[in-house]
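Trainee: I have a chain to study. Can we go through it by question and answer?
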Amino acid sequence: MPYVLIQVTREGVEPGVDHVTPEQKAAVYKGVSQVLQDVLAKPPEWTWIVFQEVEMENWGQGGLPLEAYRRQRAAKAES
């Protein structure tokens, strides 16, 4: 029985939406289940998927809060 935990930052990819939409989550569930079936022959009905959205302030990368890390990375890319 596969168990998949997906964690992402709570931010939308569409204007005015600050979260992953139910439609986007449904597409992720379907896609992940399909990959497990294709690669490991695990039937989708055996697969559990948990989707967690984490507030940006609770996520860090490179020793910095995520927003600060992204700003730093963008500044380096511009120079």
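Mentor: Start with a pair: E11 and R70 form a salt bridge. A salt bridge here is a side-chain nitrogen of Lys or Arg within 4 Å of a carboxyl oxygen of Asp or Glu. Keep in mind that this is a predicted model: local features need pLDDT of at least 70, side-chain atom pairs count only at pLDDT 80 or more, and totals for chains, interfaces and linings use all residues. Residues are numbered from 1 along each chain as its sequence is written, and side-chain values use heavy atoms, with hydrogens and water left out.

Trainee: How far apart are the closest N and O atoms of E11 and R70?

Mentor: Side chains of opposite charge can pair when their charged atoms come close. E11 and R70 make such a salt bridge, and their closest N and O atoms are 2.9 Å apart.

Trainee: Which parts of the chain does the pair of E11 and R70 link?

Mentor: The two residues are 59 apart in the sequence. Helices (H or I, at least four residues) and strands (E, at least two) are DSSP runs, numbered from the N terminus. E11 sits in the loop between β1 and α1, and R70 in helix α2 (residues 66–78).

Trainee: Is E11 buried, partly exposed or exposed?

Mentor: Buried means under 20% relative accessible area, exposed over 50%, and partly exposed in between (1.4 Å probe, protein chains only). E11 has 28% relative accessibility, so E11 is partly exposed.

Trainee: Which residues form one network through shared salt-bridge partners?

Mentor: R10 bonds to E55, with the closest N and O atoms 2.7 Å apart, in one salt bridge. R10 also meets E53 in a salt bridge, at 3.8 Å from N to O. Shared partners join these into one network: R10, K25, E53 and E55.

Trainee: Why does the pair of R10 and E53 tie together parts that are 43 residues apart in sequence?

Mentor: Look at where each residue lies. R10 is in the loop between β1 and α1 (22–40), and E53 is in strand β2 (residues 48–54), so the pair ties together parts separated in sequence by 43 residues.

Trainee: Is E53 buried or exposed?

Mentor: Compare its neighbours in the network. R10 is partly exposed at 32% relative accessibility, and E55 is partly exposed at 36%. E53 has a relative accessible area of 16%, so E53 is buried.

Trainee: How many salt bridges are there by this rule?

Mentor: Two of them involve R10, with E53 and E55. E11 and R70 make another. By the rule, the count is four.

Trainee: What pattern does the chain follow along the sequence?

Mentor: The chain has two helices and four strands. Read along the sequence, they give β-α-β-β-β-α.

Trainee: What is the radius of gyration of the chain?

Mentor: The radius is taken over C-alpha atoms, and the globule rule is 2.2 Å times the number of residues to the power 0.38. For 79 residues the rule gives 12 Å; the chain is well over that, so it is more spread out than a compact globule, with a radius of gyration of 16 Å.

Trainee: What share of the 79 residues counts as buried?

Mentor: The C-alpha atoms fill a box of roughly 50 × 25 × 25 Å, taken along the principal axes. Of the 79 residues, the buried share is 22%.
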